[in-house]
Amino acid sequence: MTTILPRLRVDERAMGAGTTVRFALLLVLLVTSSGGMVLEVLRGLDGTDTAGCLLASGADLAHGTDLAWLVSIKNQPDAFQACLNRQMTPWWWVIVWSGFLLAGAAVLFRCLPIWKTRHSRVLPLESIDRNRELRHLLEGLAVVAGLSRVPRVVVDPAAASAGAVVFGSNRRPTVCLYGGLLARRPTDPAGFRAVVLHEFAHIRNGDVTLTYATVSVWRVFIALVLAPYVAFHIHVVWVVFVSSNDAAHSFNGTDQLPGLTRGVLLTVFVTALIYLARSDVLRSREIYADLAAVRWGADPRGWAGTRQAPADSRATRILRSFVELWRTHPRWDLRREAMTDPAALFGLQPLPMFLTGAAATLINRHVASYLQKSDLAGPYVYQVLPLVAAALATAVSGIALWRAVAHSVLTSRPVPSGLRAGLWMGIGMAASELVVGDVGSSTWFPAQPEVLLLVVFAGVVYAWWTVQSAQLWIRLWRGRTIRPPLLLGLAASSLGLASWFAWWLEQGWVFTIGWPYNLDWALQTLRQQFPGPATANPAPLSAIAAVFPFVSFLVSRPLVLAPVAALWITTLLAWTIRPAAATPRWIRSALQDNDTEITAEAPPRLRKVMAPALLGGAASWLATVLVMAYMHSWQPPVEERRGLYLLVFWALSLFALAIAPAASATIASTLTNRYRLLLALVAAETAVLVGFGGMQALFFLDGCIEPLNTLASSCRGEPALTGGDVQFLLEAALVLGAITAPVTAAAVSAVQAVRPRRARRADASHPPRTSRRRSAARRLGVVGLCVVAVAIAAVGEISRAPMGTSAGQPLGATTAQLAAVDDSQVSARSRADQVGAWRDLGGATLMNRFTHDAVQMLDLVSKSQGEIPPAAPVGSLCSSIGRIAQESNDYFRFPDSEGQSLWRTLITQEALFSQECERALKEQDTELFIAAGDAFLAAKDACVSLIHRIDTVVGTGPPAD
């Protein structure tokens, strides 16, 4: 691009300020956090005992780990959810409460102007402006500000400062002039004009409603949510640590300390997060109002507080900066700098990025928690919900990143890499995950906190891709407005971030509490599901057992291919645009110096993508040849070329295809310094298509080349793998390519960062000289790739739609079942707590129902004198006992091996008696009815023995309702 003056000013209104969506993010965070806090209080007041359900499931709350608790839950997910549902506040309470919170905020929003304009505090302007001099002055300033009418004006004579404030709403604003400002007007008319124009700018910018709506929601949150929540936690601490004899909290209170502390930290964290976000947004709006006032002719020296900041020590400056974070108005020195050069409004500050990442994670967690506890979650729900949090986060951080890149490009300043901003966003996401916790938070820190580095890396990749995409399109776009590529880039970023949120919500967080996967069990399961001859070398099978569940989960989730296609296509489309020869129209409108000439810049040469893609695809072909040769080396008879043999062939084929994106991303990253991540991603995904095409050709020749015969022994012209197996190969490779590209690009960047500077070679920035024919061919090829990407994503999503819940089942619910839990070391006290909870939360009710029906059955049998009792009452009891057996089977297993044996006997005999009894009544077979009595007596004996077992373990007597 041409060289321009470094002090060139960019209109701060270019590309939007993004503060409205920041208000929206803040409001959603307030509502979702309020719902979570109030729901916890209501559950506590209703006696909801999540800890009791954990104990009843067999969790050892005194000495267990988060992973062990998760296993206890996921081994019996339906029983655990039913336990919570029996005592939990209904899900619609969250909606009702959110509506109540918003209604309270709306009432306060309406009352605030009335309170602020009460007669005891302010006076109408007319009462002191008898000759209407001020009114005429304000009317003129309203015209300058572009207001359709003069807002309502009142005066606060008791306020000595030379300032003013606007409140109310955008439709009915009220400007309050302080007494000090009116006293200053005769001697400093420029200062009066500047202050009033600043307040009018708030009205013109639409700040009033958003500001006071946020203030209203914040105050309602303090009064109706935070205060009750803190009081509830004080009560819980008192019960746990003081009233230790409470039977509901019989386990050691010290063991609950991490969970209770995390609850307090979550409260502090959310409260501070909301306040900091509110303050940050309000500070930025003040600067925008300053700039609008200056643009309307206000004297920048007219504001009060023009005193220079004192030259303090470093520690004092750090303290001042920290205090500044909590203020709703920026320091005067910062405001003066923004009037001179609004670059600060385009810069990437750590705090907004941190707040955005933390807020998005909390919103995602809270909403998912509501649905999980209400049993409303499903495969598509887990994918769609993160779109809300990701869209809000992208609207805030994405716009900030695009604005920063645009300002740097248009003023010829170094373009930010986005790594620092992404690092702060990732830290915010990781901090939220650390504070939120899962299951029960039995420890101070997760068992594997290093997994949270993945969260930080996700934030870095998100910002890195967004910045490079913004830089590419900003340098290229020649339209009237930058909005189309901006919306395209933000949509792709949002889909990518939502996909990350969904994966982490369903699977990723599990790894922070321990490795839940049992490899031996997986190997055994594979051999059972895929019978057949095993390879002489067990290494491939072990690798399949270790990797397949995770890859399968990544690919089988709904809406997983859409982000891959969006990120891929967003970059590809850049090669369909012809750069403009003159300054693009949107740049002329963004720059305040319209005489500056800036020409658009073409993207890197397409061969920097296509060449690595072809090389990576060729590497995949070679790997496929080696796989087929290896499979041929131990090819079993034709009738045995299924099952395990086919699974090994399919898995090795996936590995061969995955070589394509890895190799191509590495080559593309090495060949370029600019747009490294974008080119690596496009090269990786394109290489998958190249490798897949060659692989299909080799599969089609299966049986035609003797050393490569795999599933076939003769040349029959049919592909070796077809249908869903082939589709899964392609989709899995594309998803792995999207993961491989950022990892490879980051690794190459890290290696090149330590190389001597003289060894680095800058990419050519001049547009490539191509003929019209070659340019048309290039566009046609790019469009073809885009069509293929859309088709693959569409077919994949359509094929997943009928899969139902299994497609989106969280891995935590699968791998946790594979983890072995050793409960042999459970103490007698903990076992008593478990059995007591099992009894009190449903076990006693089931046994008492059976006892009640058994007494009635014995009474009817004794009166029948050896005949079949009347069909109506007996049939009703038989059906009732059958329902009890079914409900008992759905309930928790007994948390003791001896008791579990009795419990299983009771359920089995209840079901057997119900079936034989109903059959005897239907056939009027007396002997069959007498035989059913054996099952009935066996169930009664098991029930009595189980009652005594509970008495032995708990030591509190037989169960009672």
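This passage walks through a small sheet, some salt bridges, an internal cavity and two buried side chains in a predicted model. Residues are numbered from 1 along each chain as its sequence is written, and side-chain values rest on heavy atoms, with hydrogens and water left out. Since the model is predicted, local features need pLDDT of at least 70 and side-chain atom pairs count only at pLDDT 80 or more, while totals for chains, interfaces and linings use all residues.

The sheet comes up first. Helices (H or I, at least four residues) and strands (E, at least two) are DSSP runs, numbered from the N terminus, and two strands pair if DSSP finds at least two bridges between them. On that footing, four strands make an open sheet with mixed pairing, in the order 1-2-4-3. Strand 1 and strand 3 (164-168) sit at the edges with a single partner strand each, so one side of each has no neighbour in the sheet. Helix 8 (residues 189-204) packs on the sheet and touches strand 3 and strand 4; contact here means heavy atoms within 4.5 Å. The direction of helix 8 makes about 20° with that of strand 3, where axes are lines fitted to C-alpha atoms (for helices, over the stretch in contact) and angles run from 0 to 180 degrees between N-to-C directions.

As for the pairings, strand 2 and strand 4 (residues 173-178) run in the parallel sense, joined over five bridges. Val-155 has Leu-177 as its bridge partner in strand 4, and Val-154 has Cys-176 there. Strand 1 and strand 2, on the other hand, pair in the antiparallel sense over two bridges. Val-155 turns up again here, as the partner in strand 2 of Leu-123. Four of the five residues of strand 2 are buried, so the rest of the structure largely encloses this strand. Buried means under 20% relative accessible area, exposed over 50%, and partly exposed in between (1.4 Å probe, protein chains only).

Strand 2 also takes part in a salt bridge. The term covers a side-chain nitrogen of Lys or Arg within 4 Å of a carboxyl oxygen of Asp or Glu, and a search of the whole structure turns up 13 of them. In one, Asp-156 meets Arg-121, with the closest N and O atoms 3.9 Å apart. This pair ties together distant parts of the chain, 35 residues apart: Asp-156 belongs to strand 2 (residues 152-156), and Arg-121 to the loop between helix 5 (92-116) and strand 1 (123-124). Asp-156 is buried at a relative accessible area of 8%, whereas Arg-121 is partly exposed at 34%. Another salt bridge joins Asp-188 and Arg-184 at 2.5 Å, N to O. Here the acid is partly exposed, with Asp-188 at 23%, and Arg-184 is buried at 17%.

Helix 10 (residues 257-295) holds both Arg-283 and Asp-280, three residues apart, or about one turn of the helix. Their side chains form a salt bridge at 3.4 Å, N to O. Arg-283 is buried, with a relative accessible area of 9%, and Asp-280 is buried too, at 11%. Salt bridges with shared partners draw Arg-22, Asp-280 and Arg-283 into one network.

Arg-22 shows up again beside an internal space. On a 1 Å grid over the protein atoms alone, a cavity is a set of points where a 1.4 Å probe fits but cannot get out, and lining residues have an atom within 4 Å of a point. Grid points are joined across faces, edges and corners, and a volume is the space filled by probe spheres set on the points. Six cavities of 30 Å³ or more come out of this, and the second largest has a volume of about 120 Å³. Of its 13 lining residues, the closest to the centre are Arg-22, Leu-25, Ala-277, Leu-355 and Thr-356. Helix 1 (19-45), helix 10 and helix 14 (350-373) each supply at least two residues of that lining.

Two more buried residues round things off. Met-695 lies in helix 25 (residues 676-700) and is buried at a relative accessible area of 0%. Beyond neighbours within four places in sequence, Met-695 contacts Ser-620, Trp-621, Thr-624, Ser-653, Ala-656, Leu-657 and Leu-729. Thr-570, in helix 21 (residues 561-572), is buried at 2%. Residues up to four places away in sequence aside, Thr-570 touches Trp-465, Ser-469, Trp-473, Leu-488, Gly-489 and Ala-492.

How values were computed
1 Å grid on protein atoms, 1.4 Å probe; cavity = no way out; pocket = protein on both sides within 12 Å on 5 of 7 lines; lining within 4 Å.
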